[in-house]
Amino acid sequence: MVKSDRLSHSGELRESSRLQVFDTIRAAGQIARIDIAQITRISPATVTAITAELLAAGLIEEVSPDTARGAKRGRPRVALKIRGSAHHIAGLKLSHHAITTLITDFEGTELISHEMPLRGGQMSPDDLCEKIVEALDQSCAKGGLTRAQISGVGIGMAGVMDAERNFIYWSSSLNVRNIDLGSALKSHLSMPVFIDNDANLVAKAEHLFGEGDTRSNFVVVTVEHGVGMGIVIDNQIYRGVRGCGAEFGHIKVQLEGALCQCGQRGCLEAYVGDYALLREANITSGVERHKDLASLYAAVAEGDMMAQSILDRAGRMFAMGLANIVNIFDPQMIVLAGAQLAFGYLSSDKVVEEMRRWVVQVDGPLPEVRVHGWGNQMWAKGAAAYAIEEVSALTIREVASHAG
Ligand SMILES: [Zn+2]
């Protein structure tokens, strides 16, 4: 008994070393074996053995010395890199009006990008599955690929979900609660699917490709139809115990306040989200005067006092929310991302100034607030990055099961 436990423990260690070596190669882009050993503190002999397995499995490849970065004259060193052609990966961002798809190679290089419009509103899980398959097929066809060539699909959507189980507690895209969307998709798609909250995936994309790439502790706040947040603590996305942490849009800012799309009252989102602003703007006019935010913003520009007061209140509510984040997490940086921010008022100096006033006052610099106007492509890229990580872990596990 004891012996087999020990064996499985050493097997696990070897698997985690493989993943560590693989992740180090991915993070570096190109790296020599000796440098991998130095960074990971795994012995050079073990690094050589592991990289031999990864090479044999076709997951990494050698870069010839003359093209390897950092190779010194006279002392050529063979570097290793991820083999891009090892897998095709798809990242999907599901929003109310479109499914945006990005197909990348295993290195994360973008190959195909596609946007399929949706009619909008909530869907049944079956309809959603069909739309996801349709979007994937359209994207593949665009680049001359077939669905069978995709090794993994990452999906980002709004709502409260347990990413580990692909389980959706609630989403504004679905007309029912508590859906095992992973299982539902299994009858449509044969490759592994990884679903996560879209704001978490933006945080992942920020961490890998964007403003967060040099930070280890930051939060991303997303504002579009609703309000979301991704938290990165010590380089890891923090999801909470039930997998549904960081629901910034549903922190309460008013007792018995405005009705939120989640069914509760007084949520931040019910004052700041696109739908909340339009609801407020249209409530007194009796007719649907504003169909989108651009129309509301145009009214402000024309001196409409009511429209102005709606945006002012949303700004103050948002500042209060941001101050609460700083008071709890004390992050290095807050990144504001999403289409609505293009309109500027949520990231105005006034909002940032109010946030400053409401944070705990200490003699130290406040976190930087940055606006990142990445569109749907960025969200899809985050979904692809998530799928690349998960497919890597699965493939490494397969290598381990062959190697023993
Ligand atoms: Zn809510």
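**Two helix pairs and a zinc site**

Let me begin with helix 2 and helix 3, which cross in a right-handed manner, meaning that the near helix is turned clockwise from the far one by less than a right angle. The model is predicted, so that local features need pLDDT of at least 70 and side-chain atom pairs count only at pLDDT 80 or more, while totals for chains, interfaces and linings use all residues. Residues are numbered from 1 along each chain as its sequence is written, and side-chain values use heavy atoms, with hydrogens and water left out.

The axes of helix 2 (residues 33-40) and helix 3 (residues 44-56) come within 9 Å and cross at roughly 120°; axes here are lines fitted to C-alpha atoms, over the stretch in contact, with angles running from 0 to 180 degrees between N-to-C directions. Helices are DSSP runs of H or I, at least four residues, numbered from the N terminus. The pair is therefore oblique, a word for angles that are not under 35, over 145 or from 65 to 115 degrees. In this contact (heavy atoms within 4.5 Å), R33, I36, A37 and T40 of helix 2 face P44, V47, T48, T51 and L55 of helix 3.

Turning to the second pair, helix 10 (residues 305-329) and helix 11 (residues 349-358) pack at about 40° with axes 8 Å apart, and they too cross in a right-handed way.

Finally, the zinc ion has as protein donors (N, O and S atoms within 2.8 Å of the metal) H250 through ND1 and C260, C262 and C267 through SG, lying 2.0 to 2.3 Å from the ion. The angles among the 4 donor atoms are 105 to 117°, and the site is tetrahedral, a term requiring all angles to lie between 85 and 135 degrees.

Definitions and conventions. Donors are N, O and S atoms within 2.8 Å of the metal (3.2 Å for Na, K and Ca); water is not among the atoms, so sites may look incomplete. Four donors count as tetrahedral if all angles lie between 85 and 135 degrees; four count as square planar and six as octahedral if opposite donors are over 155 degrees apart and all others between 65 and 115; anything else is irregular.
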